[in-house]
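Here are a few short exercises to work through with the model open. Try each one yourself before you read the solution.

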Amino acid sequence: MEKKNWLDQYRLARARSVPLIGLQTADGQDAVAQLAALPGEAVITWDVVRGITPANAAGVAAAKWMLQQKDASMFVGEAGVLELCGLLTTLPSQSLAVCLLNAHRYIEEAAIAQALCSQRDLRKDSGHSIVLVAPSLPLPAELTQDVLIIDVALPEADAVWAVVERIYESASLGAPPEELREPACAALLGLSSFAAEQATALA
């Protein structure tokens, strides 16, 4: 049986109203950007510095509604997760992906783990999912059976070559020579998209 890629796994999970999803990824921002590009997917992000931010046009209404309920400063810092979880129980819009960035930094805090546990059953009938985004996600014991973990694969050769093409274009160098494809991909495979972009630019 052919293995599903991570976006297919994510789409299936969202279609089945999985309430808690963990994305293990070397590049959280790129992974969220890919989720935000999915047709019909409304995505907002949360982080400890910026609080709530819409990740795409479909997520703007939900973010705006939340920021109308509480001052934006209430969502900053680790305690902001608790404020966010509290609002999700009354959020009127449907089928929202709430991406908590760098979740490995705070998920083991007792209050945050409990808040996420409490969301498990509340989210099933809402269409919302909380997406824990982290390089790796060591779950506290109370969440190990509740979070669907999806591993985000590093870019394959075609995606790496697209990065090289993009860097050449941005540097007004035209298309990269085709004979560069094999050595460039060999050198860049194993890096995240951002790291591959940096390495290509430096080269």
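**Exercise 1.** Leaving aside neighbours within four places in sequence, which residues is Arg50 in contact with?

*Solution.* A quick note before we start: this is a predicted model, where local features need pLDDT of at least 70, side-chain atom pairs count only at pLDDT 80 or more, and totals for chains, interfaces and linings use all residues. Residues are numbered from 1 along each chain as its sequence is written, and side-chain values use heavy atoms, with hydrogens and water left out.

Step 1: find Arg50 in the loop between strand E2 (42-47) and strand E3 (51-54); strands are DSSP runs of E, at least two residues, and helices are runs of H or I, at least four, numbered from the N terminus.
Step 2: look for heavy atoms within 4.5 Å, which is what contact means.
Step 3: with those neighbours set aside, you get Thr45, Val76 and Leu101.
Step 4: check Ala72 too: its C-alpha is 8.8 Å from that of Arg50, with their positions 22 residues apart in sequence.

**Exercise 2.** Is Ser192 buried or exposed?

*Solution.* Step 1: go to the loop between helix H7 (181-188) and helix H8 (193-202), where Ser192 sits.
Step 2: take the cut-offs: buried is under 20% relative accessible area, exposed over 50%, partly exposed in between (1.4 Å probe, protein chains only).
Step 3: Ser192 has 13% relative accessibility, so it counts as buried.
Step 4: list the contacts of Ser192 beyond four places in sequence: Ala26, Asp27, Leu154 and Pro155.
Step 5: for contrast, try Arg50, which is exposed at 52%.
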